[in-house]
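User: I'd like to go through a structure with you, starting with the strands and then turning to the cysteines. Could you take me through it?

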Amino acid sequence: MMPQKLPYWLVAGVATVMLFMHAPLLVLVLFSFNDSKFSMEWKGFTGKWYERLAERQDILDGLYSSVTVGLASTLIATVLGTLMALAIARHEFRGRRMMEALLYVPIVTPEIVVGISLLIMFMAIHFPLGLGSITVAHVAFNISFVAVVVHARLQGMDRNLEEAAMILGADEITAFFRVTVPQLWPGIISGGMLAFTMSFDDYVITSFVAGTDAATLPMVIYTMVKKNIEPSINAISTVVLIATTILIFVSDRFGQEKPLKADKA
Amino acid sequence: MAAGSTEPPVVEFRHVNKTFGDYKACNDISFHVAKGEFFSLLGPSGCGKTTTLRLIAGFEEPDAGGGEVLINGEVVNRKRPYERQLAMVFQNYALFPHLSIERNIAFGLEMKKTPKSEIPGRVEKAMQMVRMDPGMFARRKPAQLSGGQRQRVALARALVLEPSVLLLDEPLGALDLKLRKEMQLELKHLNKQLGTTFIFVTHDQEEALTMSDRIAVMSNARIAQLGTPAEIYECPRTPFVARFIGESNFFEGKATGRTADGHGFTVEGEGGRYDIPHHPVVAEGKRVQIAVRPEWLDVLRPEDVPADENALPGKVQEIIYLGETLHVLVKVGERTVAVAVRNEGQLTRPLGFKSGDAVAVAWKPEDCQVLEED
């Protein structure tokens with residue numbers, strides 16, 4: 001079916017939605033360039049709030065923590081989530097259906113509940129709070145996101161491909177790496193990027209399990225807002241916003257495309 | 001299979017059973033396939049034919065204690081697919097979407113550690129074998145090909161390994177009729193030309209009759225009948241086989257006595273009395289079911305029936321013009337009997353009767369099949 005031209009009333013609807021979703025962000029970006037300490041009034045263009053970011057050691061530390069936690073938790077969650085998806089999609093075992101349903105629990109559970117329960121668990125097993133506990137917490141909720149994305153990809157994939165590889169002489173391991181993984185790459189990459197974004201953005205769960213010393217970027221920003229409002233908050237928020245947006249776009253593209261791997265032959 | 005052949009069968013099943021949970025997919029299946037044979041597994045969906053093929057491929061294992069699968073005389077029950085030296089064409093072709101056509105075809109050669117220098121030549125030869133231009137298609141991806149072209153690539157990918165057995169799982173199912181007919185002949189020629197054993201799964205009886213040396217007709221996880229196309233078509237053993245392959249008219253009755261020559265039986269059935277040839281399952285007083293193909297029947301005016309033929313009186317219900325033949329539907333008692341009549345030209349030599357005429361449906365006693373229970 002040919003896509004139909006957008007009718008005018010739908011254009012209005014789409015415009016309203018876009019406005020609601022993105023106007024606040026636009027205001028944020030705009031005011032990050034406002035040459036005024038009291039950010040409600042436009043006093044001319046400046047880049048000084050961005051320059052100030054470099055002087056704020058707490059922001060830089062927060063950024064470093066966030067990136068470290070993000071990368072570590074993404075890596076672990078991507079491996080575990082992919083294995084989980086493979087098990088659920090490709091094998092029959094007792095409790096498989098329930099496992100599949102349980103995957104969604106961390107996604108739909110309110111963050112505050114996840115945060116509290118993780119904190120109680122860490123206390124119970126005397127796990128030291130800090131970047132380590134934050135990473136574990138992020139792995140916990142990220143596994144679900146990765147597994148769901150990879151699982152969706154696996155379901156769209158032809159099971160006969162692995163069998164075809166095997167009858168052509170590939171053993172299970174070879175078939176997995178030569179045929180299954182190349183098919184799964186888009187799902188794995190896309191799941192991993194989603195995981196990184198979730199980790200990088202998270203405030204609620206992180207603040208519960210961070211303990212007293214560790215602080216990720218969202219925590220630093222939140223503290224800044226509470227203490228003294230200055231437009232460098234707008235600046236760092238803008239940086240995070242742009243980085244996140246880029247990640248989302250890239251992961252979305254990976255989700256859609258066929259594998260990019262070029263042939264040698 | 002050739003009588004007195006000394007070579008072991010290429011593939012052999014000995015009382016093979018396969019169950020999935022409560023579901024029995026193969027129930028005591030035994031058969032053997034000779035070298036170079038075109039062997040078809042034919043049956044409706046869910047009859048166990050695909051499971052049988054998957055047991056040969058090694059994607060499934062027989063139940064514990066559930067018989068033996070042999071390839072070239074060796075029990076392979078526990079061997080993995082990649083240890084079996086077979087090739088297979090899948091129903092949906094299962095081409096690797098991330099690899100070009102030439103890399104798809106080369107995949108098996110690479111897995112089998114063929115010297116790198118040999119691979120391009122063999123890939124090209126395989127493509128030519130299935131009549132695909134290597135210059136045009138080698139670098140394309142599967143998504144850029146039509147269904148028929150993908151089918152050829154799948155075939156080339158399997159044949160490039162020069163397997164002793166090629167398994168084909170309904171490979172023509174997705175093609176349109178014309179292409180399908182073309183590929184049927186092409187597959188048959190490849191089978192004879194290469195000497196490769198083909199084991200072919202299909203639900204299309206016409207396809208099986210056209211291509212096969214022998215057919216195993218499957219129903220409810222069992223082999224209902226195994227034989228050449230002529231045997232299957234002309235001597236169906238059970239009502240299922242008679243109904244599944246070609247068209248048939250069925251008559252039921254009770255054997256009431258012997259025929260005048262003492263060999264056959266006389267049957268008292270709905271619509272009248274008729275003779276049937278000798279058959280081990282028939283005895284006086286027992287119920288009998290027979291099948292008669294439409295083309296073995298005649299429609300005659302009652303007074304024209306030869307003395308040595310069976311004849312049941314009826315009334316012409318409808319005449320269907322099919323071109324090559326005419327189907328005359330005759331109401332005999334409660335049953336509608338289909339009779340195929342050769343069309344000798346309705347404009348010059350029309351049939352001597354029309355709808356509503358009283359006629360007789362006639363056949364020679366030996367031109368019927370006595371059926372066993374399913």
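Analyst: Please bear in mind that this is a predicted model. Two strands are taken to pair if DSSP finds at least two bridges between them, and on that basis chain B has an open sheet of six strands in the order 6-7-8-3-9-10, with mixed pairing.

User: Which strands are at the edges of that sheet?

Analyst: The edge strands are strand 6 (87-89) and strand 10 (222-227) of chain B, each of which pairs on one side only. On average, and with direction ignored, neighbouring strands of this sheet are turned by 20 degrees against each other.

User: In what sense do strand 6 and strand 7 of chain B pair?

Analyst: They pair in the parallel sense over three bridges, strand 7 of chain B being residues 165-169, and M88(B) stands opposite L167(B) there.

User: And which helix packs on the sheet?

Analyst: That is helix 6 (residues 177-194) of chain B, which touches strand 3 (38-42), strand 7 and strand 8 (197-202) of chain B. The direction of helix 6 makes about 155 degrees with that of strand 8 of chain B.

User: Switching to cysteines, how many disulfides are there over all chains?

Analyst: The count comes to zero.

User: Why is there no bond between C235(B) and C368(B)?

Analyst: A disulfide needs the two sulfur atoms within 2.5 Å, but the sulfur of C235(B) has its closest cysteine sulfur in C368(B) at 11 Å, so the two are too far apart for a bond.

User: Are those two cysteines buried or exposed?

Analyst: C235(B) is partly exposed, with a relative accessible area of 38%, whereas C368(B) counts as buried at 3% relative accessibility.

Technical notes:
Residues numbered from 1 in each chain as written. Chains lettered and ligands numbered in written order. Predicted model: local features only at pLDDT ≥ 70, side-chain atom pairs only at ≥ 80, totals over all residues. Heavy atoms only, no water. Buried < 20%, exposed > 50% of the residue type's maximum accessible area, 1.4 Å probe, protein only. Helix = DSSP H or I, 4+ residues; strand = E, 2+ residues; numbered from the N terminus. Axes fitted to C-alpha atoms, helices over the stretch in contact; angles between N-to-C directions. Contact = heavy atoms within 4.5 Å.
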